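Q: Could you give me a close look at a single part of this model, with its charged side chains and the packing around them? I'd enjoy one connected account rather than a list.

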Amino acid sequence: SFPTRRSSDLEIKNNVLNIKKTIVEEKYQGKGLAKTLRTLIIQKAEKEGYSLSADCSYAANYLQKYYS
């Protein structure tokens, strides 16, 4: 079964989706879940026309590298 213990805190303000935090339960870490979660959030934000920002360092590093 697919693990369900993952989450992300998001905030939408002024048409900007901010990824505030990405959390993966310790026993599921290292399996690519945070990457999948981040990718799905970014795809949905782009589809819905939001700009992106991130307080979460994991997401911020990705956005800086690929969306700057």
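A: Happy to. One cut-off comes first: a salt bridge is a side-chain nitrogen of Lys or Arg within 4 Å of a carboxyl oxygen of Asp or Glu. Please keep in mind that the model is predicted.

Let's start with arginine 38, which is found in helix H1. Arginine 38 is buried but takes part in no salt bridge, and the nearest side chain of opposite charge, glutamate 46, is 11 Å away. What does arginine 38 touch, leaving aside its neighbours within four places in sequence? Its contacts are Tyr58, Ala59 and Tyr62.

One of those contacts, Ala59, leads us to the packing, as Ala59 also belongs to the largest nonpolar core. That core has seven residues, the others being Leu17, Ile19, Leu37, Ile41, Ala45 and Cys56. Strand E2 (16-24) and helix H1 (33-47) are the elements that give two or more residues to this core, and H1 supplies its largest share, three residues. In soluble globular proteins, nonpolar side chains tend to be buried together. Leucine 17 shows what the packing looks like from one core position: not counting residues up to four places away in sequence, leucine 17 touches Leu10, Glu11, Ile12, Ile41, Ala45, Tyr50, Ser51, Leu52 and Ser53.

Now for the way the chain arranges these pieces. Along the sequence the protein follows the pattern β-β-α-β-α, with two helices and three strands. E2 pairs with strand E3 (residues 51-54) in the parallel sense, over four bridges. Within that pairing, isoleucine 19 has alanine 54 in E3 as its bridge partner. The route from E2 to E3 runs through H1, and this β-α-β crossover is right-handed.

Back to charges, this time on E2. The whole structure holds four salt bridges. One of them joins lysine 21 and aspartate 9, whose closest N and O atoms are 3.6 Å apart. Because lysine 21 lies in strand E2 and aspartate 9 in strand E1, this pair ties together parts that are twelve residues apart in sequence. Both ends count as partly exposed, lysine 21 at 41% relative accessibility and aspartate 9 at 33%.

Lysine 20 makes a salt bridge with aspartate 55, at 3.8 Å from N to O. Here the link is between distant parts of the chain, with lysine 20 in strand E2 and aspartate 55 in the loop between E3 and helix H2 (57-66), 35 residues apart. Lysine 20 is partly exposed at 36% relative accessibility, whereas aspartate 55 is exposed at 53%.

A further salt bridge pairs glutamate 25 with lysine 27, with 3.9 Å between the closest N and O atoms. Glutamate 25 is partly exposed, with a relative accessible area of 26%, while lysine 27 is exposed at 56%.

Before E2 there is some backbone worth checking too. Asparagine 14 sits in the loop between strand E1 (6-13) and E2, and its phi is positive, about 55°, although it is not a glycine. Asparagine 15, in the loop between E1 and E2, also has a positive phi, near 65°. Asparagine 14 is exposed at 73%, and asparagine 15 is partly exposed at 41%.

To return to where we began: arginine 38 is buried and has no salt bridge, in contrast to lysine 21, which is partly exposed and bridged to aspartate 9.

Key
Residues numbered from 1 in each chain as written. Predicted model: local features only at pLDDT ≥ 70, side-chain atom pairs only at ≥ 80, totals over all residues. Heavy atoms only, no water. Core = buried A, V, L, I, M, F, W, Y, C linked by side-chain atoms within 4.5 Å. Buried < 20%, exposed > 50% of the residue type's maximum accessible area, 1.4 Å probe, protein only. Contact = heavy atoms within 4.5 Å. Pairing = 2+ DSSP bridges. Right-handed = clockwise from strand over helix to strand, strands pointing away. Lys, Arg positive; Asp, Glu negative; His and termini not counted.
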